[in-house]
Amino acid sequence: QVQLVESGGGLVQAGGSLRLSCAASGSIFSINNMSWYRQAPGKQREYVATISRGGSTYYAESVEGRFTISRDNTKNTVSLQMNSLKPEDAGVYYCTVSAQVSYLSTFRNYWGQGTQVTVSS
């Protein structure tokens, strides 16, 4: 199977920056899209950003222009550079990938355990 481990969360003042990273490991044959979601306390999980295998990027309107998603296909990693952070960006950030474990298998979505981002005003 595929394991995802996020890192880079922490406490930052509003206006500051953080860089999140996510490393995928395990029986990986191929990874398609890699994405980030977040969940604030008492709220539903929400979409943040996606990067395709070819490098196309997509963002939620709320983070467009402030966040940048990138990936390293040789290392099976995805990162999220977060600038100009706002208190409303706080929450647990989850990495998710669409991956195959063999050339015969279908793509499945895998999720990490999340990393906490706290933004103080």
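**Exercise 1.** Determine whether Gln 100 is buried or exposed, and describe its surroundings in the model.

*Solution.* The relative accessibility of Gln 100 is 11%, so this residue counts as buried (buried: under 20% relative accessible area; exposed: over 50%; partly exposed in between; 1.4 Å probe, protein chains only). The model is a predicted one, in which local features need pLDDT of at least 70 and side-chain atom pairs count only at pLDDT 80 or more, while totals for chains, interfaces and linings use all residues. Residues are numbered from 1 along each chain as its sequence is written, and side-chain values use heavy atoms, without hydrogens and water.

Next, locate the residue: Gln 100 belongs to strand S9 (residues 91–100), strands being DSSP runs of E with at least two residues, numbered from the N terminus.

Then list its contacts (heavy atoms within 4.5 Å). Leaving aside residues up to four places away in sequence, Gln 100 touches Ser 27, Ile 28, Phe 29, Ser 30, Ser 105, Thr 106 and Phe 107. Finally, a polar atom of the Gln 100 side chain lies 2.9 Å from the backbone oxygen of Ser 105.

**Exercise 2.** Identify which strands pair with S4.

*Solution.* Two strands pair if DSSP finds at least two bridges between them. Strand S4 (residues 30–39) is antiparallel to S9, with 8 bridges; here Ser 35 has Thr 96 as its bridge partner. S4 also runs antiparallel to strand S5 (residues 46–51), with 5 bridges, and Arg 38 is partnered by Glu 46. The hairpin of S4 and S5 has 6 residues between the strands, and in it Gly 42 takes a positive phi near 75 degrees.

Key:
Polar contact = N/O pair within 3.5 Å; in protein donor to acceptor, adjacent residues only side chain to side chain. Helix = DSSP H or I, 4+ residues; strand = E, 2+ residues; numbered from the N terminus.
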